[in-house]
Amino acid sequence: MLLSREFLITPVVALCCMLGISFSQYPRLQNLLSSKDSVSIETLRKEQEKHLLNLNLFKNIPSFGFDNMIANWVFIDFLQYFGDNEVRDRIGYAISPDFFEVILNRDPKFLEAYLNLSVSTSLYAGSPEKTIKIMDNNLKSLSPKVPDRAYYIWRYKGTDELLFLGDSQAARNSYLKAAEWASEYDNEEGRNIVYLSQATAKFLAENPDSKKALVAGWTMVLQNQVDDKTRERAIREIENLGGKVEINQEGVPTITLPEQD
């Protein structure tokens, strides 16, 4: 029995140590930023390279059955990384996709992670092709109800293909797939997703350069729980396309599509 307990405890301790190494990078960055005026870009980038080495380690280490735990901890690590606006403003978001390669390879059912992947990697890191590749790799492991409301992943994918890759045909296919998966849900939200996804696909079928489809894509970004910078970008893009945005006292946006497509 003693050997059995040691066998179980050892990998857990190893994982905790590796997770601890990853999290230890941020206090170091914060100490650096306490005198940020004197910290060079090169120093911050070296710290980021160390963090990338840790992420590469997590891509390859055995999980000992703790895949979900690794995914959750790395996601928390990502939230710290993404939320550190002072550092991100100076050296960018380049390693965002590396976080999600770990998170979604460990837990492809982690629905919230797909939205954060889209925002951080497509919008901020400027690498939508990496977002699409990661989504494609993990969608193979999913089905309409695994995870619950998995149709959102197809909508995120379609939005990225439309807004950031300019691939209207791929986006149309993704929106149609979102409608197909949502049709398996007998509830108001499912029916609403079917309607919205089919409407966007129709816009794209009739006009591959549809302003209405682009507004629909930015509307989806706006309606998610995203940071203020992303919300401002979405509102600006909608208005530049000829749409109108009104936000009520509860913070819920109402979008008016452009009169001309």
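Lys177 is partly exposed in this predicted model, with a relative accessible area of 28%. Its place is in helix α10, which runs over residues 168-182. Along the chain, Lys177 and Trp154 are 23 residues apart, yet their C-alpha atoms are separated by just 6.5 Å. So much for one residue; the wider picture comes next.

The protein chain is built from 13 helices and two strands. Of its 261 residues, 47% are buried. Contacts between residues at least 6 apart in sequence tell a similar story to the Lys177 pair: 64% of them join residues at least 24 apart.

Helix α3 is a handy place to start on the helices. With 20 residues (41-60), α3 should span 28 Å at 1.5 Å a residue, and its end C-alpha atoms turn out to be 29 Å apart, which agrees. Seven names make up the list of its buried residues: Leu44, Glu47, Gln48, His51, Asn54, Leu55 and Phe58. They sit on the same side of α3, because the arc they cover around the axis is only 105°. A bit of helix geometry helps here: an α-helix has 3.6 residues a turn, so residues three or four places apart point the same way. On the face of α3 turned away from the buried side are the exposed residues Glu42, Glu49, Leu53 and Asn60.

Two residues of α3 deserve a look of their own. Gln48 belongs to α3 and has a relative accessible area of 12%, which is under the 20% cut-off and therefore makes Gln48 buried. Leaving aside residues up to four places away in sequence, Gln48 touches Tyr81, Arg88, Ile91, Gly92, Ala94 and Ile95. Leu57, also placed in α3, is partly exposed instead, at a relative accessible area of 37%. From C-alpha to C-alpha, Leu57 lies 9.4 Å from Val102, although 45 residues separate the two in sequence.

Val102 turns up again in the pairing of α4 with α6, as does Tyr81, one of the residues touched by Gln48. Helix α4 (residues 67-83) and helix α6 (residues 96-106) have axes that come within 8 Å and cross at roughly 160°. That angle is over 145 degrees, so α4 counts as roughly antiparallel to α6. The crossing of α4 past α6 is left-handed. On the α4 side, the residues that meet α6 are Asp67, Asn68, Ile70, Ala71, Val74, Phe75, Asp77, Phe78 and Tyr81. Their partners in α6 are Ser96, Phe99, Phe100, Val102, Ile103 and Arg106.

The loop between α8 (128-139) and α9 (151-163) holds Pro147, and a cis peptide bond joins Val146 to Pro147, with omega at about 0°. Arg149 is in the loop between α8 and α9 too. Arg149 is not a glycine, but its phi is positive all the same, at about 65°. With a relative accessibility of 33%, Arg149 counts as partly exposed.

On the far side of that loop comes α9, which packs against α11 at an angle of about 25°, the axes being 11 Å apart. The two helices are therefore roughly parallel to each other, and they cross in a left-handed way. Tyr151, Tyr152, Arg155 and Leu162 of α9 make the contact with Glu189, Gly190, Ile193, Leu196, Ser197 and Leu204 of α11.

Helix α11 itself has 19 residues (188-206) and reaches 27 Å from its first C-alpha to its last, close to the 27 Å expected at 1.5 Å a residue. Its buried residues are Gly190, Ile193, Val194, Ser197, Thr200, Ala201, Phe203 and Leu204. Among them, Gly190, Ile193, Ser197 and Leu204 also figure in the contact with α9. The cover over the buried residues of α11 includes α9, α10 and α12, and α10 is the helix that holds Lys177.

As for α12 (residues 211-223), one of its residues is Thr219. Is Thr219 buried or exposed? Thr219 is buried: its relative accessible area is 11%. Not counting residues up to four places away in sequence, Thr219 touches Ile238 and Ile255.

Note on methods:
Residues are numbered from 1 along each chain as its sequence is written. This is a predicted model: local features need pLDDT of at least 70, side-chain atom pairs count only at pLDDT 80 or more; totals for chains, interfaces and linings use all residues. Side-chain values use heavy atoms; hydrogens and water are left out. Helices (H or I, at least four residues) and strands (E, at least two) are DSSP runs, numbered from the N terminus. The expected span of a helix is 1.5 Å times one less than its number of residues. Buried means under 20% relative accessible area, exposed over 50%, partly exposed in between (1.4 Å probe, protein chains only). The arc is that of the directions from the helix axis to the C-beta atoms. Contact means heavy atoms within 4.5 Å. Axes are lines fitted to C-alpha atoms, for helices over the stretch in contact, and angles run from 0 to 180 degrees between N-to-C directions. Angles under 35 degrees count as roughly parallel, over 145 as roughly antiparallel, 65 to 115 as roughly perpendicular and the rest as oblique. A crossing is left-handed if the near helix is turned anticlockwise from the far one by less than a right angle, and right-handed if clockwise.
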